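These are my notebook entries on strand pairing and helix packing. I begin with the strands and then turn to a pair of helices.

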Amino acid sequence: MNKVPSSREDLEILEGYFSPQLDVSVKLNTNEAPFPLPETFIRELGSEINKLELNRYPSRSASELCAAIASKELLKESEVFVANGSNEIIQSICLAYGGNGRSALIFEPTYAMHSQIAKVTGTRVIEGVRDNEFQIDKDAALEIINREKPELVFLCSPNNPTGNIENPELIDAILSELNSTGGLLVLDEAYKEFSESSFDLTVDDKSNLVFIRTFSKVWSLAGIRLGYLLAPEWCIQMMKSVSLPYHLDSVKQKVGVLALKHEKEMLREVIAIKEERGRVFEALRSLPVKVWPSEANFLLFKPETVDSYKLWEGLLEEGVLIRDCSSWEGLEGCLRVTIGSESENDSFLTAVRKIVE
Ligand SMILES: Cc1ncc(COP(=O)(O)O)c(C=O)c1O
C-alpha cells in the first residue's frame with residue numbers, strides 16, 4: 001500500500017468551483033452569451049487557423065492581440081496582459097501580489113473565484129460585507145483597509161451574482177487609500193458591456209488600479225478561455241514574471257484578434273440581451289418573487305411562496321438549469337438566472353410561473 005502524499009493543509013478546507021454541468025435544453029446558469037458566433041467570423045477563423053504554424057510555439061508576448069486590445073481601449077500595448085480566461089488573470093494577480101503573509105479584501109456576496117483563487121495562492125482572505133441592497137459602506141471599507149493594510153482589494157462591477165454596479169465614490173475613496181498604503185485595487189469588469197454606467201477611470205502609472213475583462217460573456221467566446229488585464233506597465237511586468245512561458249496558444253490569440261474585428265456584430269447582441277433583461281425582470285416582478293435590478297446579463301431573485309431549492313429542482317425537471325446561490329453567504333433563498341435568448345427566457349418564465357403561482 002502506498003502512503004498517499006499529503007497536500008497543503010490550507011487547501012483541505014477548500015471546496016473548489018462548483019456549478020453542475022447538466023445536459024438540459026435551456027442552460028441559464030453560467031452567464032454565457034446565448035448567441036452563436038457570426039458566420040463570417042467562423043469562416044474567417046477557419047482560414048486563419050489554416051495559416052497557423054502549429055508546430056511552432058505561439059508568440060510569447062501575444063503582441064498582435066495585445067496591440068488590438070490596446071487600440072480598442074485607447075491604451076498602450078504595454079498596458080495589456082492576456083491570459084486563459086479572466087480567472088487566470090485573477091490567479092496571476094494573486095501570485096504576484098498575494099501569497100504567504102499577504103491578504104486580499106473582498107466584499108461578500110461577490111464572485112466566488114476572487115476568494116477561492118486568493119486562498120489557493122496562500123493569500124489570506126479578509127471578508128467585508130455588503131448591505132441588503134448589496135452596497136458597500138465606504139467608511140467600513142476604509143476602516144478595514146486602514147486596519148489590515150491588504151495587498152489586494154477586489155471589487156466587481158457589475159457585481160456577480162447581485163448585478164449592481166459599485167458606487168464610483170466608493171471606488172475613488174478605496175483607490176486613494178490604496179495609493180497611499182501601497183495596495184492594489186482590482187476592478188473585475190466581466191459584465192461591463194451590459195451596464196449603462198461607466199467610470200471615469202483609466203490606467204495610470206501613478207494609480208494602483210487595474211481592470212479585468214473577459215471574452216467569455218459579451219463576445220460569445222466562453223469556450224475559448226480568453227481574458228485580459230488593463231494595468232500600468234509595472235503591473236503588466238509582474239504578470240509576465242508569474243505566467244508560464246507561451247501560456248496563450250496560437251489559436252486563442254487568433255480568435256481574440258478576429259473577435260475584435262467583429263466588435264460591431266458582438267455589441268449588437270448586447271442590446272438584445274438588455275431588452276430581454278428588462279422583459280424577464282418585469283415578468284418576475286409580476287410573480288411572488290423578489291427580483292433585484294441588474295446591470296449585467298443575469299438577474300438575482302428570491303421566490304416568496306416556495307423554497308428556493310424546490311424551485312431550482314422544479315425548473316430542472318422542466319429542462320431549465322439556473323444557478324442556486326441559496327447557500328452563499330448573504331444570499332439565503334436566492335437564485336440567479338442568466339438572460340438567454342427570447343425562447344430560452346420564455347421557457348424559464350413559463351416554468352417559474354407554473355411552480356410559484
Ligand atoms: C465577475 C467574473 N469575473 C470573472 C469571471 C471568469 O471569467 P472567465 O471565463 O474569463 O475566466 C466570471 C465568470 O463567470 C465572473 O462572473
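I took two strands as paired if DSSP finds at least two bridges between them. The model I consulted is predicted.

Entry 1, strand pairing. I looked up the partners of strand E5, residues 152–156. Strand E3, residues 103–108, runs parallel to E5 and is joined to E5 by two bridges. I noted Leu152 in E5 as the bridge partner of Ala104. Strand E6, residues 184–188, also runs parallel to E5, and five bridges join E5 to E6. In E6, I found Val186 as the bridge partner of Phe154.

Entry 2, burial of E5. I then asked how many of the five residues of E5 are buried. I recorded five of five, and the strand is thus listed as mostly covered. Both faces of E5 are covered. On one side I found Leu152, Phe154 and Cys156 buried, and on the other Val153 and Leu155.

Entry 3, helix packing. I looked up helix H1 (residues 39–51) against helix H8 (residues 250–261). Their axes lie 10 Å apart, and the helices pack at an angle of about 140°. H1 is therefore oblique to H8. The crossing of H1 past H8 is right-handed.

Entry 4, the contact of H1 with H8. From H1, I listed Phe41, Glu44, Leu45, Glu48 and Ile49. These meet Val251, Lys254, Val255 and Leu258 in H8. I classed the residues of this contact as six nonpolar, three charged and no polar.

How values were computed
Residues are numbered from 1 along each chain as its sequence is written. This is a predicted model: local features need pLDDT of at least 70, side-chain atom pairs count only at pLDDT 80 or more; totals for chains, interfaces and linings use all residues. Axes are lines fitted to C-alpha atoms, for helices over the stretch in contact, and angles run from 0 to 180 degrees between N-to-C directions. Angles under 35 degrees count as roughly parallel, over 145 as roughly antiparallel, 65 to 115 as roughly perpendicular and the rest as oblique. A crossing is left-handed if the near helix is turned anticlockwise from the far one by less than a right angle, and right-handed if clockwise. Two residues are in contact if their C-beta atoms, placed from the backbone, lie within 7 Å. Ala, Val, Leu, Ile, Met, Phe, Trp, Tyr, Cys and Pro count as nonpolar, Asp, Glu, Lys and Arg as charged, and the others, Gly among them, as polar. A residue is buried if 20 or more other C-beta atoms lie within 10 Å of its own, exposed if 12 or fewer, and partly exposed in between; C-beta atoms are placed from the backbone.
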